[in-house]
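Please look through the sequence and the structure shown here before reading the report. The sections that follow take up helix packing, a metal site and the chain as a whole.

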Amino acid sequence: MDESYKTIIGDKTSEFQHMAGSDGVQEPRIWSSPEGGRKIEIGKQIFCNRSLNMRNILAVGFDMDYTLAQYIPETFESLAYEGTIKKLVYDLGYPQELLGWSFDWKYMVRGLVLDKKRGNILKMDRHKYVKVAYHGFQEMSKEEKVGTYGNTLIRDSFDEPDYALIDTLFSLAEAYLFAQLVDFKDSNPGKIPERADYARMYKDVRAAVDSCHRDGTLKQTVTKDPRSLWDYTNVVMDFLCGSHVLDSSRACNFDWLMYFDIVITGSAKPGFFHEDNRANLFEVEPESGMLRNTDNGTPMPQVGNSSPRIVLKKSNAPCQIFQVLYVGDHIYGDILRSKKVLGWRTMLVVPELEREVKLLWSLRNSRKLLRLMRNERDQIEDQIHHMKWFLKFEDLNVDQKQKTSDGIDELESRRDQVRTSHQQDQRECHQKFHKIWGQLMKTGYQNSRFAHQVERFACLYTSQVSNLSLYSPYKYYRPCEDFMPHEFDILPLLDLVMVTLHFTDFKLVK
Ligand SMILES: Nc1nc2c(ncn2[C@@H]2O[C@H](COP(=O)(O)O)[C@@H](O)[C@H]2O)c(=O)[nH]1
Ligand SMILES: [Mg+2]
């Protein structure tokens with residue numbers, strides 16, 4: 001782990017000299033110079049939904065998988081995909097030809113919802129309106145979409161048990177496999193095991209993925225024969241914090257433990273956040289992996305992974321709930337539960353965000369044009385309505401009627417043009433983010449359901465944990481001002497920028 005982590009995870013008051021970027025290059029510190037730091041590039045900024053003063057935070061907890069440890073999805077999730085297919089074929093009677101299938105790791109994205117019964121994959125906005133829908137890999141028409149999901153009552157749910165949320169990067173492979181199976185079943189109904197409807201296929205995929213996580217299919221590739229989740233954690237953290245070498249014959253030196261006061265493995269989140277559900281905690285002796293606090297005091301070996309294991313360095317003074325910041329990648333398991341159950345402050349790690357905000361920046365002019373086109377469309381529509389009422393209710397002579405009708409025709413044709421180009425341009429803009437699902441945080445021009453969850457449950461969000469090192473440990477994160485629709489036209493952002501500039505000029509002149 002680079003030096004910057006020391007400040008965040010270990011002794012928060014200590015200074016540090018240098019920090020390493022993601023490419024390992026040492027960069028000078030930026031936050032401790034008296035005149036302030038260099039600008040933090042947009043992809044690495046920390047964004048704030050709810051004020052958080054780091055001075056008030058006494059403990060920072062970190063999830064490991066996909067938070068501290070950023071697995072490479074094309075390799076790690078491919079393992080899950082291949083392991084799952086083998087289980088479907090050899091254990092659950094699916095046809096051998098599945099073994100020849102391949103995984104496009106870029107196809108699925110977080111925030112999607114699987115409709116298990118209908119075999120559909122959905123992206124919805126923050127009101128839970130389905131805006132993009134595919135049956136397997138086949139795009140659904142607008143009519144099919146509205147016919148299936150237009151009903152308000154259905155829209156209210158979109159949760160388990162009939163729907164599955166793709167809210168972690170671990171789920172990308174199972175979502176892709178589900179879509180493949182839906183297509184396969186539609187074109188080869190006889191080849192899928194008897195009575196396997198779409199929901200049954202989803203259940204089989206889920207069970208097979210689950211088993212890959214439990215039986216070591218995935219973890220064995222990272223570290224050979226891990227005896228427990230403690231062993232696994234040790235290898236991954238040793239790699240991250242020091243060695244950067246994955247060599248199963250190499251003994252780990254436990255140096256990484258100095259960055260943490262307490263380490264808990266196998267906690268089975270989100271159940272862990274509920275005190276009543278929490279399994280017994282066993283203390284681990286790091287070198288041997290033996291359990292210390294057994295009933296008769298004799299150290300004993302670990303068996304299985306079911307109970308949480310802890311390594312304690314020192315006992316901590318108790319913290320108030322709002323003095324704990326928990327950092328994780330799973331919007332439900334890490335963020336929503338820890339916030340709702342324990343009232344902890346939260347930070348969500350969204351690796352996809354780095355590319356998303358960079359693209360957003362490069363497309364900012366197109367986005368402004370889209371907004372203008374939408375306004376123009378609204379204005380033309382209003383004009384058409386106005387003229388239609390005029391035609392209907394005013395006492396006009398034949399000539400006036402003809403002129404008004406011609407005017408309406410012209411406006412309708414202009415409106416159709418603007419509508420078509422607006423829709424096309426908006427689609428193209430979204431496709432720059434993802435060819436199928438578009439921008440992660442938007443659906444059409446509204447926030448996506450995923451963005452809505454991020455806004456509600458994550459006090460902070462950022463693309464990677466190490467971005468914390470770019471800010472002072474005493475940083476007071478403050479959200480930007482909220483805007484309601486009625487405020488937008490009164491206080492447009494452009495005006496605010498002008499006001500700020502004038503204010504700066506004024507100060508300079510003085
Ligand atoms: N039994 C299952 N375990 C799973 C599944 N998906 C992920 N995982 C395991 O969870 C942790 C990662 O969770 P984190 O909150 O600590 O980041 C890791 O050990 C995964 O293998 C699943 O579907 N079933
Ligand atoms: Mg995780």
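## Helix 2 and helix 6

At what angle do helix 2 and helix 6 pack, and how far apart are their axes? In this predicted model, helix 2, which covers residues 73-90, packs against helix 6, residues 198-214, at an angle of about 120°, and the two axes are 9 Å apart. Because an angle that is neither under 35 degrees, nor over 145, nor from 65 to 115 counts as oblique, helix 2 is described as oblique to helix 6.

Helix 2 passes helix 6 in a crossing that is right-handed. On the side of helix 2 the contact is made by Ala80, Gly83, Thr84, Lys87 and Leu88, and these meet Asp204, Val205, Ala208, Val209, Ser211 and Cys212 of helix 6. Sorted by character, the residues of this contact between helix 2 and helix 6 comprise 6 nonpolar, 3 polar and 2 charged.

## Helix 11 and helix 12

A second helix pair is formed by helix 11, residues 364-393, and helix 12, residues 398-433, whose axes come within 9 Å and cross at roughly 155°. Since angles over 145 degrees count as roughly antiparallel, helix 11 and helix 12 are roughly antiparallel to each other.

The crossing of helix 11 and helix 12 is left-handed, and the residues of their contact divide into 11 nonpolar, 7 polar and 12 charged.

## The magnesium site

Which residues supply the protein donors of the magnesium ion (ligand 2)? They are Asp63 and Asp329, each through OD, and Asp65 through O, at 2.0 to 2.1 Å from the ion. Along the sequence, the donor residues of this magnesium ion follow the spacing D-x1-D-x263-D.

Two of these donors link distant parts of the chain, with aspartate 63 lying in the loop between strand 5 (59-62) and helix 2, and aspartate 329 in the loop between strand 14 (324-328) and helix 9 (331-342), 266 residues apart. Are aspartate 63 and aspartate 329 buried or exposed? Both aspartate 63 and aspartate 329 are buried.

## The chain as a whole

The secondary structure of the chain comprises 15 helices and 19 strands, and 45% of its 510 residues count as buried. When contacts between residues at least 6 apart in sequence are considered, 68% of them join residues that are at least 24 apart.

Notes:
Residues numbered from 1 in each chain as written. Chains lettered and ligands numbered in written order. Predicted model: local features only at pLDDT ≥ 70, side-chain atom pairs only at ≥ 80, totals over all residues. Heavy atoms only, no water. Axes fitted to C-alpha atoms, helices over the stretch in contact; angles between N-to-C directions. Helix = DSSP H or I, 4+ residues; strand = E, 2+ residues; numbered from the N terminus. Left-handed = near helix turned anticlockwise from the far one by under 90°. Contact = heavy atoms within 4.5 Å. Nonpolar A, V, L, I, M, F, W, Y, C, P; charged D, E, K, R; others polar. Donors = N, O, S within 2.8 Å, 3.2 Å for Na, K, Ca; no water. Buried < 20%, exposed > 50% of the residue type's maximum accessible area, 1.4 Å probe, protein only.
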